Amino acid sequence: MEPVTAQPKPTAAPDLSTAQPKSLAVLTEWVAERFAALPALRFKAEGAWREVTYAELRDTVRAVGRGLLGLGVGPGDRVAILGETRPEWTYAHLGVFTAGAVAVPVYPTAGDEEVVWVLTDSGSSVIVCEDTAQAAKIERLRPRLPALRHVVLMTEAADKPMPEAADKPMPEAAAQPMPEEAADKPTAAATDKPMPEATGEEPVLTALPGLAPLAELLARADARTADDLATVIYTSGTTGPPKGCLLTHGNIGAVRDGTLEQIPGGPGDATYLYLPLAHAMAQLIQFKTLLQGSTLTYFGGRIEDIVGELAEAAPTHLPSVPRLFEKVHAVVLGLAEGQEGGRERFDAAVRVGLRVAELRERGEEPQGELLAEWQAADERLFSLVRAAFGGRLKWSLTGAAPIAPPTLDFLRACGIAIYEGYGMTESGGVISLNHPGALRYGSVGRPMPGCEVRIADDGEVLARGANVFPGYHGNPAGTAEALDAEGWLHTGDLGRLDEDGYLYITGRKKDLIITSGGKNLTPSLVELAVQQSRFVSRAVLVGDRRPYPVALITLDEEEVRGWADREGIDLGDGPPARDPRVRALVEEAVETANAQVSRPSRIRAFELLDEDFSIEAGLLTPSLKVRRTAVIQRYDEQVAALYERGPAASEQG
């Protein structure tokens, strides 16, 4: 996966003297000007780590942009990107911006109907596919995609030399940009040309034929402004078809300005990225890493290899969903429990680590007996955990869902800082963020500079600022529902602000349960409490218009089978959920959770499901949020049976 051969620097170029790039269209030019010889990207190829410098990144992005212009992509045209997180995704993403076009990310897990919806609703005229399998899927759907003109492959791009035409100007007729009045409209490129037949010979991303002149590309990039549309990101909504969030270059620039100083980083640092680049959070991390001159390190493509790769990649920065951190915590805890007295020693070590962490957060150091206890715990446990993350980790971000407090305590005790943040695609990805110097565990931080937050009378979190999107594509009713006349974004989340301005998210407004007795319940409170058990994967509270709440619970089968092995229990080949000893583990987790919430919110009965929720089954969004309505509909018979049997004996009365 080699970058393309560097091109000579043109005599005419965008103004790169600004403190920050004026738009994403000139991002690669701006960073290459400052960090040319430094490593921008790092990835594994044929078992070895390879690097791409900032200068090489710029030249590859130029090749992609010139190729897109050669395909007839005009200012504001939509170009979709369908693939897993990998270097070519970044090449495509930045190349689309440089060409003055609008990026339309598509989740690689998206089914046929979602792909058709995103491509047709956005009016995408070009799609960049990860491989021939994805391209074949698009060709199969081609009759339903009237605006689509070109299918381009990501893979093998770096293994093929640039065509001879790379250094030759295009014919004048082919190099003409679209008329100004066509800018920012989802028009199909070169619509007067017949649709090409599916030949199995789709062009490759950085080897597109008929490249436009470099000067034309740079002029196109320089013309983009903060008000121009940059991307249409389709939200993985838990109900209904995805809505296309319109984000301008200015929206993303506002997030950059509000967060860049809050996240430490610079040359020599490395960010390990496994989150899907189709998601706004991963894209922001990508931009942040490059703007700071750090190295973006891509995972190898297999989720199950992440923990092993972290030790090898040795990142300084790790953005993640809570699941990864909770999994590491569960594994270490399981190992401790497999030893005589191991759980007691583990808990004691965490208490010592937390005492030292609190001291150091105040700028103090441990002394005497506490220091000796910490050194012993560090040698036996903490240093091993840090080494599992590569030994250099200094900043970790988590969001999308609350992280279990015991996991936060464990990692904090080990000397690993986890910062929770909050945002949504409609806010440009960020609303608030914990960061060094302003960290309050349990909160999602203070609103970032430039973003206002207030709590509505009904408890909904409202946000306003230059980061907030202008609306949904082709959906004025949805836009009016999300944005009020004063510019406040209605997030749909419930929350509170403390006396120091830290934001706490307490639930989703639409997820509120109102029992038949009129009690208002926030399901996330008890669900999160149940999920603190390492044996539980997911918990979904049910009870709307019912007399009391019940729950659907899935297992973390790996943890359950590990526990069974340590205890000498044979669970057989069937679903562990049917074993009464496993059910007893979950009953304990439910009882512990019930003790943490008010009586009306307590789970009166639960069903242990045979299988976990998945994206493929339609029960999780691509960002791993539970599709609550789909889950309840899927298991309506189990829910009905729970109410027919009545509450558990311990919850009667």
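**Notes on the β16-β17-β19-β20 sheet and its surroundings**

1. Let's start with one pairing: strand β17 (residues 460-465) and strand β19 (residues 489-497) run antiparallel and are joined by three bridges. Within that pairing, A463 sits opposite L489 of β19. Strands pair here if DSSP finds at least two bridges between them. Helices (H or I, at least four residues) and strands (E, at least two) are DSSP runs, numbered from the N terminus.

2. Before going further, keep in mind that this is a predicted model, where local features need pLDDT of at least 70 and side-chain atom pairs count only at pLDDT 80 or more, while totals for chains, interfaces and linings use all residues. Residues are numbered from 1 along each chain as its sequence is written, and side-chain values use heavy atoms, with hydrogens and water left out.

3. What does β19 pair with besides β17? Strand β20 (residues 503-508) runs antiparallel to β19, and five bridges join the two. Here D493 faces R508 of β20. The hairpin of β19 and β20 has five residues between the strands, and G501 takes a positive phi near 90° there.

4. Now the whole sheet: four strands in the order β16-β17-β19-β20 form an open sheet with antiparallel pairing. At its edges are β16 (451-455) and β20, each pairing on one side only. On average, neighbouring strands of this sheet are turned by 50° against each other, direction ignored; the axes behind that angle are lines fitted to C-alpha atoms, for helices over the stretch in contact, and angles run from 0 to 180 degrees between N-to-C directions.

5. L497 is worth a look in the viewer. This residue belongs to strand β19. Is L497 buried or exposed? Neither: L497 counts as partly exposed because its relative accessible area is 33% (buried means under 20% relative accessible area, exposed over 50%, partly exposed in between, with a 1.4 Å probe and protein chains only). Leaving aside neighbours within four places in sequence, L497 is in contact (heavy atoms within 4.5 Å) with V453, R454, I455, Y502 and L503. From L497 to V461 the C-alpha distance is 9.3 Å, and the two are 36 residues apart in sequence.

6. A466 is another one to find, in the loop between β17 and β18 (471-472). A466 counts as exposed because its relative accessibility is 53%. Neighbours within four places in sequence aside, A466 is in contact with G250, N251, A254 and G450. T248 is 218 residues away along the chain from A466, yet their C-alpha atoms are separated by 10.0 Å.

7. Outside the sheet, helix α11 (residues 322-337) has 16 residues and reaches 22 Å from first C-alpha to last, close to the 22 Å expected at 1.5 Å a residue. That expected span is 1.5 Å times one less than the number of residues. Its buried residues include F325, H329 and L333.

8. Finally, the overall picture. The protein chain has 20 helices and 25 strands, and buried residues make up 56% of its 653 residues. Among contacts between residues at least 6 apart in sequence, 68% join residues at least 24 apart.
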